[in-house]
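Here are my notes on this one, point by point. Have the model open while you read.

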Amino acid sequence: MKGEESLTEDQVKARRSAEREKRMAPLRSRVAALESESETAIAEVVALYSTIMEDVHTTHMICNRLYDHVNGRLDVYWNAALRKHSNFDKMPMFPVVDLTSTAEEAYTNVHHEIMTKAQALIQAWAADAKEVA
């Protein structure tokens, strides 16, 4: 290049390297900004996913406790009915009642798509982080 005739090979390399760094500076700053935004987004997704999973587990525990409570109350009422009923001999020993609850499933279904996407993103980011490391 013009003005490099009198420079040594090392000086030319240093000059070209400095010029390349100067040209790349805006791109590198943009990449750094995008990486920062990406890390923030990842942290938000992980936090929201954890919150949703906690809510799902809490809902599961509440539904199980309610189911156990209702079955316990049913047993109490059935035993009282067995003692007081005039046709005691003809009544079944256990009530023929099938309790089903769709509350837990309904709550989980609302969040299923979001949980699936968040889980896929988290796994992809973890795989990407392993590649970088």
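1. Which helix does Met115 lie in? Met115 is part of helix α2, where helices (H or I, at least four residues) are DSSP runs numbered from the N terminus. A word on the source: this is a predicted model, in which local features need pLDDT of at least 70 and side-chain atom pairs count only at pLDDT 80 or more, while totals for chains, interfaces and linings use all residues. Residues are numbered from 1 along each chain as its sequence is written, and side-chain values use heavy atoms, with hydrogens and water left out.

2. Staying with Met115, the residue counts as buried because its relative accessibility is 12%; buried means under 20% relative accessible area, exposed over 50% and partly exposed in between, with a 1.4 Å probe and protein chains only. Setting aside neighbours within four places in sequence, Met115 touches Tyr49, Ile52, Met53 and Val56, with contact taken as heavy atoms within 4.5 Å. Met115 and Leu48 are 67 residues apart along the chain, yet their C-alpha atoms are separated by 9.3 Å.

3. Now the core. The largest nonpolar core has five residues: Tyr49, Ile52, Val56, Met115 and Ala118. Helices α1 and α2 each supply at least two of its residues, and α1 gives the most, with three. A nonpolar core here is a set of buried Ala, Val, Leu, Ile, Met, Phe, Trp, Tyr and Cys residues joined through side-chain atoms within 4.5 Å.

4. The long helix first: α1 covers residues 9-84, and its 76 residues should span 112 Å at 1.5 Å a residue, which agrees with the 108 Å between its end C-alpha atoms. The expected span is 1.5 Å times one less than the number of residues. There is a kink of about 45 degrees at Met24, shortly before the proline Pro26; the bend at a residue is the angle between axes fitted to the seven residues ending there and the seven starting there.

5. Which residues of α1 are buried? They are Val12, Tyr49, Ile52, Val56, Thr59, Cys63, Trp78 and Leu82. What covers them includes α2 (103-132).

6. Helix α2 passes the length check too: its 30 residues should span 44 Å at 1.5 Å a residue, and the end C-alpha atoms are 43 Å apart, which agrees. This helix bends by about 50 degrees at His111. Its buried residues are His111, Met115 and Ala118, and they pack against α1.

7. His111 deserves a look of its own. Besides sitting at that bend, His111 counts as buried because its relative accessibility is 18%. The C-alpha atoms of His111 and Ile52 are separated by 7.6 Å, with their positions 59 residues apart along the chain. Leaving out neighbours within four places in sequence, Ile52 is in contact with His111, Ile114 and Met115.

8. Is Val45 buried, exposed or partly exposed? At 21% relative accessibility, Val45 counts as partly exposed. This α1 residue contacts Ala118, Ile122 and Trp125, again without neighbours within four places in sequence. Val45 and Trp125 are 80 residues apart in sequence and 11 Å apart in space, C-alpha to C-alpha.

9. Last, the rings. Arg73 lies over the face of Tyr77, at 5.1 Å from the ring centre; a charge sits over a ring if NZ of Lys or CZ of Arg is within 6 Å of the ring centre and within 35 degrees of the ring normal.
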